[in-house]
Amino acid sequence: MREEVKHPLQCTPACRRGFLRSVASATIAGLAGPSLLMTSAHADALTHAQRDSMTPEQIIALMKQGNERFRRGERKDRNYLREQKASAKGQYPAAVLLSCIDSRAPAEVIMDLGIGDIFNCRIAGNIENDDILGSMEFACKLMGAKVVLVMGHTSCGAIKGAIANAELGHLTGLLARIKPAVDATQYDGERTATNYAFVDKVARKNVELTIAQIRRDSAVLSEMESQHGIKIAGAMYNLSTGAVEFFGS
Ligand SMILES: [Zn+2]
């Protein structure tokens, strides 16, 4: 009896019908052999056909499910060595993330993802710039990623620094890119870096503005989004609860 080995970013029953239909189409088109999904090597890293068979919405749904597993303490028992071997000759990541460098918010861990599943740009305060956009355009246009996810988090030190007008070397310029979010955040209470409610509201606004800037500054990505090739969405990770809240998706 053959044991079915599933990749964590492989569709669950909720999306299986569409997934299998797409895989069947890919097989007919000669893109995938009959052994697809049947060997451990395929299950240990996303294949080209697996990734391309998923819609952006399905990919986001699977990231949500991964975060739920993380929160329940039920992360998949991964074999990173097998994932490394399975992905060594090619990568087909489903998404590109833009997240903060905060040591407590590692996207792959908190959404139970493995080697080869996502591209991950990490920079303090998850802001965009030309180099980040270049990385995202590479990920989507050239490598086929279907989701651009900007993920902020609670109690973000970069957000606090922007609110407090902190200055330090090159950090000053980086924080300047966050300050528009501070100004744009509507909040009636104390607008200080020690008021966590305000800090978290600015962090969310920063994600929203970053998404708007990505659409404004990247003709490549905005065109792909308008033609339904990719989805650009936002998320906030709560350090206290472990939950990733998705929005704009
Ligand atoms: Zn942060």
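Author: A disulfide here is a pair of cysteine sulfur atoms within 2.5 Å. Keep that in mind for this predicted model, which holds zero disulfides.

Reader: What makes Cys 121 a cysteine that is in no disulfide?

Author: The nearest cysteine sulfur belongs to Cys 140 and is 9.5 Å away. The cut-off is 2.5 Å, so that pair doesn't qualify.

Reader: How do you know whether Cys 121 is buried or exposed?

Author: Its relative accessibility is 11%. Buried means under 20%, so Cys 121 counts as buried.

Reader: What makes Cys 100, His 153 and Cys 156 donors of the zinc ion?

Author: Distance. The atoms in question are SG of Cys 100, NE2 of His 153 and SG of Cys 156, and they lie 2.0 to 2.3 Å from the zinc ion. A donor has to be an N, O or S atom within 2.8 Å of the metal, so these atoms pass. Along the chain, the donors follow the spacing C-x52-H-x2-C.

Reader: How do you know whether His 153 and Cys 156 are buried or exposed?

Author: His 153 has a relative accessibility of 2%, and Cys 156 also comes out at 2%. Buried is under 20%, so both get that label.

Reader: And why is Met 143 called partly exposed?

Author: Its relative accessible area is 22%. Buried would need a value under 20% and exposed one over 50%, so Met 143 falls in between. You'll find Met 143 in the loop between α7 (130–142) and β3 (147–153).

Reader: What is Met 143 in contact with, leaving aside its neighbours within four places in sequence?

Author: Arg 51, Gln 91, Phe 119 and Phe 138. Each has heavy atoms within 4.5 Å of Met 143, because that is what contact means here. As for Ala 95, its C-alpha is 9.9 Å from that of Met 143, with their positions 48 residues apart in sequence.

Reader: What makes β4 and β5 a pair of strands?

Author: Pairing takes at least two bridges, and four join β4 (residues 231–237) to β5 (residues 244–247), so they pair. The two run antiparallel. For one residue of β4, Gly 234, the bridge partner in β5 is Phe 247. The hairpin has six residues between the strands, and Gly 242 takes a positive phi near 80 degrees there.

Reader: How much of the protein chain counts as buried?

Author: 48% of its 249 residues. The chain has 12 helices and five strands. Among contacts between residues at least 6 apart in sequence, 70% join residues at least 24 apart.

Definitions and conventions: Residues numbered from 1 in each chain as written. Predicted model: local features only at pLDDT ≥ 70, side-chain atom pairs only at ≥ 80, totals over all residues. Heavy atoms only, no water. Buried < 20%, exposed > 50% of the residue type's maximum accessible area, 1.4 Å probe, protein only. Donors = N, O, S within 2.8 Å, 3.2 Å for Na, K, Ca; no water.
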